[in-house]
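Please open the model in a viewer and keep the selection panel at hand. The tour below proceeds stop by stop, naming what to select and what is found there.

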Amino acid sequence: MSSPNMNYRSLAEENANPFLEAQQIRNDEPTTTTTTATATTTTTQATTKSDDAKLFTAAAHLDDHEHEHENEDTPRNSGIMIHIVPETGKESHRWNHIEDLDSFFSRMYNYQQKHGFHVIVLDELFQVLEFGFVIWLFTFTTHCIRFNELFGNNPNITKTTLSDVIIPTGQCITHFGFFTYLVIFIAAIYLGIRMLKMIYHITQYADIRRFYQTALLIEDHELDNITWHEVQQRTRRVQAEQHMCIDKELLTELDIYHRVLRFKNYLVALMNKQLLPVRFHVPLLGEVVSLSRGMLLNIDFILFRGPGSPFQNNWQLRDEFAVRSNQTELAQRLSQLILWVALANLLLAPLIFLWQLIYFSFSYANILRKEPSALGLRTWSNYGRLYLRHFNELDHELDARLNRAYEYADRYLSSFSSPMAAVIARNLLFISGGVLLLILALGIYDEHVFQVEHVLTIIAILTVIGVVCRTLIPDENLIWCPEQLMTAILAHVHYLPTEWKSQAHTAHVRKEFSNFFQFKFGYLLSEIFSPFVTPFVLIFVFRPKAMEIVKFFRSFTVSVRGVGNVCSFAQMDVRKHGNPDWQLSDVVDQPPQQQPQQQQQQQFQHQQQQQSMAGGKTEMSLVRFTLNNPEWQMPKEASEYIRGIREHAIDELVRAKTATQPMGRENPLTHSLISFGTIGEEYCSIANSVLAADLTAEQLQLSQSMARNVGSDFRHMLQQNLGEHMSSSAALNPADSMRRLRLSKAEGRIEGPTDTLLYSLYGVEPRLATKNPIGVTVADMCLSALYLHELSQQKRLARQSRIEETDEQPGPSNRQAPTGGGRGGGGGGGGGASGSRSGLGSGSRNNVITSKAAESTPLLGNIRS
């Protein structure tokens, strides 16, 4: 990807050490003079010696790092790099040249998301106190309680008091044995280390607090009313003034995301390439899909943060990865590191298991006492969160997206039931309910019944049985519409396996999706028992992939100027890493020569698949990032891809509305709009407006260029259905979930994007963007996801059809390529109506969606709801 202020290359393509290139250039080229100028408001005499030292340090640093990029940053290639150093005596000068920007930006993000300094200090303090409390409670329970008096086994005592049950402190300490002292000693060491870590974190966040107050001009009480997007924009302005990153004049939005999500982007790519130990076989249980927090911590330690990991610091891969001949040695070293970490986990497994058991028991005891049904709720698993995550997507952005899909996912899995399990559950519920009713009735008659031994235990067990049985009994009023629900899920999560299309009603898809969206008690069990599972998974599943992981880091790591080494997929370069099935043209990144033969073309497509992400991860991440960061100056290839999608959609809309035959109205866009309308009432209203609106003279020319005609009814619909203020006294739409969240959790900027697919389809002028709600971004991303999936499906079907025709016709094929009327020109979007699937049952452009519960969902098949 070519971009100003950005210079990157794959480590696999470098013949020399990329991280020492600056030194080599200085040896080969004449030394370039670097000049520093101090900006002051008044003319004064010579600066002090301390000021000279600061200027010399800045100049020396520039001389060490900027030679290889001087031509890009220097005005008119003059060879002069002017660095403005802020005035001395100002508090803001402390933000000049921050060495570890990864940690700094990560703490900035956490500071804003955790609501400021005081909340963070309290959280850190209580984390230390929680550990101390657990150790105290363990010691107190085992040595300082007289259990005979507590359980009433002493007949000489008629009334038991606390002084009878609790042993005095002096006597309690005398009961301590060697094991107790050992536990206290180890706990004291850990507690001391944890306190030092707490103090370090507090000092670091105190620094972040000063940065927010002095540089960004944001107080703690304002954090809940400001978005991360606004914090990011102010940080970029501080960079332009004070040069926190001295290697670049300006920071882009993508640079900041790279800093915060450097390692997370690698994990997303490793998950997509199936290199993480997610699926494994367990004796007697078969295949298990799990990714516990403990496993993620171990992987993070092995690959990024531990001694001997591929990364030597937060921003740089080890130099050995640049040399191909080192692959075998690096794989052996990584394999040994995984083995040692696994053995350490195995040795500490009992202690970790005990801590996990105590921690989760204390955390959920009060919840389970008041609401046992909480275990029957579902939650997004760690595996699902990583699988569904975009590149360059922050935690609050991912949470907001998955929260919108939660209701649809829960309804989808709840619509499945086992008839046999339902029959058994009804009978168990009847029996347990009868026994529970009898005990309660006797207890109401005489309260002494509750004092009988183990009666309360029986009541608790019967209650749990009732809760479990109720979850197995299906709702009699439930409507069976799995395809429609899966469409709504896809619109929000954006990624689902291709083979699930038209299979949402099957038990296989239901089982696979439950791995993304698991029961709460299943999540707790996997976390509690993960200490015993993690060592074996590391040894037998993750360790054999050491060579593949080394090749992955070598092949898909690029060096970005001013940022360091990042995952090349996180650059969202659709030219280099675009999936052929998700492109608007037939061949991606192919030189303008004559078309290759069939065998060469298949080989080229295979190479493209190796260099791309499955499921359109690169393309979808690019679309989402541009919507949330509309100010980002994207590279030329990315801009052309985004513009091509919108122009292609406009062309299909015009063709569908001007077609005279019913089949001519069927194309990926109309299918996507119908699927989009089944998500909810507000989405249905948007789809109705797009499909039912009359074409204007400008819209008839949209296949040539995008006309920006003002659509007042569409604008009014957006404002009404997505919660826009029509006046200062207007009420918020209850359906707008984003307005109910704190602004600190909002996605993108509060004004919304200025250029979206929805605006392009209806011709809304850009200046209306200043009044757009946050929900416009959400709705546009939902439609974009559905539309891209439709285009991808159309292209896969077209390619499969060509392969079948080639197999049926022996010898060289002489048939012509199918003509596509779309502007994108290939199987991805051209063809308009000719290459589309059937699914739009209307024969008139005035036939629009009249219900959010459509009978068919073209995106995922024609299964009746």
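A pocket, as the term is used here, is an open set of grid points with protein on both sides within 12 Å along at least five of seven lines, and its volume is the space filled by probe spheres set on those points. The model is a predicted one.

**Stop 1: the second largest pocket**

Begin with the second largest pocket, whose volume is about 1,200 Å³. Select Met271, Asn272, Lys273, Gln274 and Ala614, which are the closest to its centre among the 44 residues that line it. Next, colour the helices that each supply at least two residues of this lining: H12 (262-272), H15 (382-387), H20 (507-516), H23 (546-555), H25 (598-611) and H32 (775-808). Which of these helices gives the largest share of the lining? Helix H23 does, with 5 residues. By residue class, the lining of this pocket comprises 19 nonpolar, 13 polar and 12 charged residues.

**Stop 2: the largest cavity**

Keep H32 coloured and turn to the enclosed spaces. The structure holds 8 cavities of 30 Å³ or more, and the largest cavity has a volume of about 120 Å³. Select Arg404, Glu747, Thr777, Val778 and Met781, which lie nearest the centre of the largest cavity among its 14 lining residues. Helix H16 (395-414), helix H26 (617-628) and H32 each give two or more residues to this lining. The largest share, 4 residues, comes from H32, a helix that also supplies at least two residues of the lining of the second largest pocket. The lining of the largest cavity divides into 5 nonpolar, 4 polar and 5 charged residues.

**Stop 3: salt bridges**

A search of the whole structure finds 21 salt bridges; three are visited here.

Select Asp102 and Arg259, and display their side chains. The closest N and O atoms of this salt bridge are 2.9 Å apart. Asp102 belongs to helix H4 (residues 101-113) and Arg259 to helix H11 (residues 253-260), so the pair ties together parts that are 157 residues apart in sequence. Are these two partners buried or exposed? Buried means under 20% relative accessible area. Asp102 counts as buried because its relative accessibility is 5%, and Arg259 likewise counts as buried, at 9%.

Move next to Glu230 and Arg234, whose side chains meet in a salt bridge of 2.9 Å, N to O. Both residues lie in helix H10 (residues 228-242), 4 residues apart, or about one turn of the helix. Glu230 is partly exposed, at 27% relative accessibility, and Arg234 is partly exposed as well, at 23%.

Then select Arg333 and Glu320, which form a salt bridge with an N to O distance of 3.4 Å. Arg333 is in helix H14 (residues 327-370), whereas Glu320 is in the loop between helix H13 (293-305) and H14, so this pair ties together parts that are 13 residues apart in sequence. Arg333 is partly exposed, with a relative accessible area of 33%, and Glu320 is partly exposed, with 27%. Before leaving this stop, add Arg262 to the selection of Asp102 and Arg259: salt bridges that share partners join these three residues into one network.

**Stop 4: the surface**

Show the molecular surface and select Phe178, Leu182, Phe185, Ile186, Ile189 and Ile193. Together they form a nonpolar surface patch with about 650 Å² of accessible area. One of them, Ile193, lies in helix H9 (residues 178-215) and is exposed, with a relative accessible area of 54%.

Return to helix H10 and select Glu241, which lies in that helix and counts as exposed at 54% relative accessibility. Now add Asn96: the two residues are 145 residues apart in sequence and 9.2 Å apart in space, C-alpha to C-alpha.

**Stop 5: two backbone angles**

Most residues other than glycine have a negative phi. Select His243, in the loop between H10 and H11, where phi is near 60°, a positive value. His243 is buried, at 4% relative accessibility. Finish at His494, in the loop between helix H19 (482-493) and H20. Its phi is near 75°, again a positive value in a residue other than glycine, and His494 is buried, at 2% relative accessibility.

Conventions
Residues numbered from 1 in each chain as written. Predicted model: local features only at pLDDT ≥ 70, side-chain atom pairs only at ≥ 80, totals over all residues. Heavy atoms only, no water. 1 Å grid on protein atoms, 1.4 Å probe; cavity = no way out; pocket = protein on both sides within 12 Å on 5 of 7 lines; lining within 4 Å. Nonpolar A, V, L, I, M, F, W, Y, C, P; charged D, E, K, R; others polar. Salt bridge = Lys/Arg side-chain N within 4 Å of Asp/Glu carboxyl O. Buried < 20%, exposed > 50% of the residue type's maximum accessible area, 1.4 Å probe, protein only. Patch = residues over 30% accessible without salt bridge, like charges linked within 9 Å, V, L, I, M, F, W, Y side chains within 5 Å. Areas by Shrake-Rupley, 256 points an atom, 1.4 Å probe, with all protein chains shown as cover.
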